[in-house]
Amino acid sequence: EGDKPAPKSTLTFAEVPHGQDENAHAPEGYETQVLIRWGDPVLPGAPAFDPLKQTAAAQAKQFGYNNDMIAWFPLPYGSTAADHGLLAINHEYTDPHVMFPGFADEKAAFKDTTEDQVEVELAAHGISVIEVKREGGKWQVVADSKYARRINLLDSPAVLSGPVAGHDKVKTSADATGTKVIGTINNCAGGWTPWGTYLSGEENFHQYFAGKTEAPIHNRYGIKGKPEYPAWGKHFARFNVEKEPNEPNRYGWVLEVDPYDADAVPKKRTALGHFKHENATTALTADGRLAVYSGDDERFEYVYRFITKGKVDLKDRKANADLLDEGTLYVARFGADGQVTWLPLVHGQGPLTAENGFNSQADVLLETRRAADLLKPTPMDRPEDVETNPVTGKVYIALTKNDRRTPDQVDAANQRFNNVYGHIIEMIPPTVDGKVDHGADSFAWDIFIRAGDPSNKASGAKFGAGTSKDGWFANPDNIAFDRQGRLWVLTDGFPDFDVADGLWACDTEGDARAQARHFFAVPQGAEMCGGAFNGDDTAIFLSVQHPGEDSMYDKPSTRWPDFKDGMPPRPAVVVVVKKDGGVIGS
Ligand code: FEO
Ligand code: CA
Ligand code: CA
Ligand code: CA
């Protein structure tokens, strides 16, 4: 096109072509190492994985299913170690049709799983913490690590803390205190705090709960008697809202986990709100408090920000132990004037009063979505991950898609109806005394990328100049930054356009701003998530989630990563390194 040469990106890798097959693909000169797969040992005494002899007891010691978010924590704590650290990893959900043999079709698998199989699924949910080390260029999981941990949905203790703890609406027949929860559910993306704890977002908690209900607290979150896992409610009363109406209210929170202490009980930080938390990304305000950004991933839902009341103590990590229990939750309204306003969700202010059924801040938090509705924030095209650029302090929001937006519903921040491609928004917080202020009441914002094929004018796509035929993408989901402030985008849904999901990267500043380049492709049926760099950006940890999900156990579309007869495809964490040891993307 034209005579002007394409602006030169700081990213110099040779792009992976668009395509889709049974394998994973990284650029020339890079190596993909499989680090840990579903069923591999995490805790001491874990048996070897045998797909035909799955038990809940074994699964509770093994790596869980559908690994998603990955966060890197250096060892020792506070160091700049690049070759030795902990990975905290979410296990979002289970796919019984690919986990277990013998079902006629996918629907039957979700409906007819036995009680024993559901117990395996419960144990396969949650979080893993593993210790990893690089020796001689190879990354490995450290066996029998004192940090190794599995938090599951079968029997792991977790506590509710903050304003909602002890509320009548979180009490169940098993827990009269309203504080003691069993484990964590549908952990999607997350984040980490400056004091080295892991934040894990509980996303689609509604889909597990059977039973009819008309309660607004259920219906506003999609619990209406049509669960995607009907077998769960059949075998376990806690997953049937007719028997345990308050159980779902105990999920849909952000969980804080200390990866450096395998005995520390995870805490659900209710002050951060109750919704389908895609993630929880932290940044400092100009005066040293902590901001936590979170997307509520559903069509027409909102973007949130929480700000702690107290300040972060960077010298004494224990001093921050309950910092996330007190503060203010805000929801975003994107104006056509290029300003985003953060609207506080505070009991007693505006419409958040007893007249509207809110008698306390705990009531506001329990029904975060209904409270937010009253403040008229901007309904978004599925807000997924939110990340801050470590170099510029700008904040990016991935909006995955929204095929239900109609022409009369388009607005400045969601510009396309039937938005099947998704887009990425850039927010620019103001600077106070030379510090980017993530606590300001309003930020500037703009559209960074409108995804889709730029060669197809009708798509409305917008990428940076010089984006190649393999460089465009659709359905941005997770995002991550390297230390140079370059944006890495992981997709979920690109197979709708006959291209494998994967990883793309671009500069965010300079001539090649938003010029996306294709770095990694996942195998058939999988999506790409995670995206964590090690301490010096010479390795990136990626989640290959649900390979073969488009097929059945007995006839999988791929047997990645083992490619062994009788072995089903296995979700796994891979680590991609440059063969010459250089910085990823260089
Ligand atoms: Fe679990 Fe919104 O992706
Ligand atoms: Ca996600
Ligand atoms: Ca992220
Ligand atoms: Ca997703």
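This short talk goes from the overall dimensions of the chain to its core and then to two regions of strand pairing.

Let me say at the outset that this is a predicted model, and that its secondary structure comes to 8 helices and 32 strands. For a chain of 586 residues, a compact globule would be expected to have a radius of gyration near 25 Å, and the 22 Å computed for the protein chain agrees with that. Along the principal axes, the C-alpha trace spans about 70 × 60 × 50 Å. Of the 586 residues, 55% count as buried, and, if we take the contacts with a separation of 6 or more, 62% of them are between residues 24 or more positions apart.

Turning to the interior, the largest nonpolar core has 164 residues, and the members that touch the most others are A71, L87, A88, Y396, I425 and F541. At least three residues of this core come from domain 1, which is 30–203 + 252–578, and at least three from domain 2, which is 204–251. To take one of those well-connected members, F541 touches I70, W72, L87, G530, A532, V573 and V575, once residues up to four places away in sequence are left out of the count.

Next, I would like to look at strand β10, residues 198–202, where 5 of the 5 residues are buried. Which residues point to each side of β10? Y198, S200 and E202 point one way, while L199 and G201 point the other way, and all are buried. On the pairing, β10 runs antiparallel to β9, residues 187–192, with 4 bridges between them, and G190 stands opposite S200 in this pair. The hairpin of β9 and β10 has 5 residues between the strands, and there G196 takes a positive phi near 75°. β10 also pairs with β11, residues 254–257, again in the antiparallel sense and over 4 bridges, with Y198 opposite V257.

Finally, there is an open sheet of 4 strands, in the order β26-β27-β28-β29, with antiparallel pairing. Why is one side of β26 and of β29 left without a neighbour in the sheet? β26 (476–481) and β29 (517–521) stand at the edges and each has a single partner strand, so one side of each has no neighbour there. Neighbouring strands of this sheet are turned by 25° against each other on average, with direction ignored. At the β26 edge, 5 bridges join that strand to β27, residues 487–491, in an antiparallel arrangement, and I479 stands opposite V489.

Technical notes:
Residues are numbered from 1 along each chain as its sequence is written. Chains are lettered from A and ligands numbered from 1 in the order in which they are written. This is a predicted model: local features need pLDDT of at least 70, side-chain atom pairs count only at pLDDT 80 or more; totals for chains, interfaces and linings use all residues. A residue is buried if 20 or more other C-beta atoms lie within 10 Å of its own, exposed if 12 or fewer, and partly exposed in between; C-beta atoms are placed from the backbone. Helices (H or I, at least four residues) and strands (E, at least two) are DSSP runs, numbered from the N terminus. Two strands pair if DSSP finds at least two bridges between them. Axes are lines fitted to C-alpha atoms, for helices over the stretch in contact, and angles run from 0 to 180 degrees between N-to-C directions. A nonpolar core is a set of buried Ala, Val, Leu, Ile, Met, Phe, Trp, Tyr and Cys residues joined through C-beta atoms within 7 Å. Domain bounds come from an automatic or database domain assignment. Two residues are in contact if their C-beta atoms, placed from the backbone, lie within 7 Å. The radius of gyration is taken over C-alpha atoms; the globule rule is 2.2 Å times the number of residues to the power 0.38.
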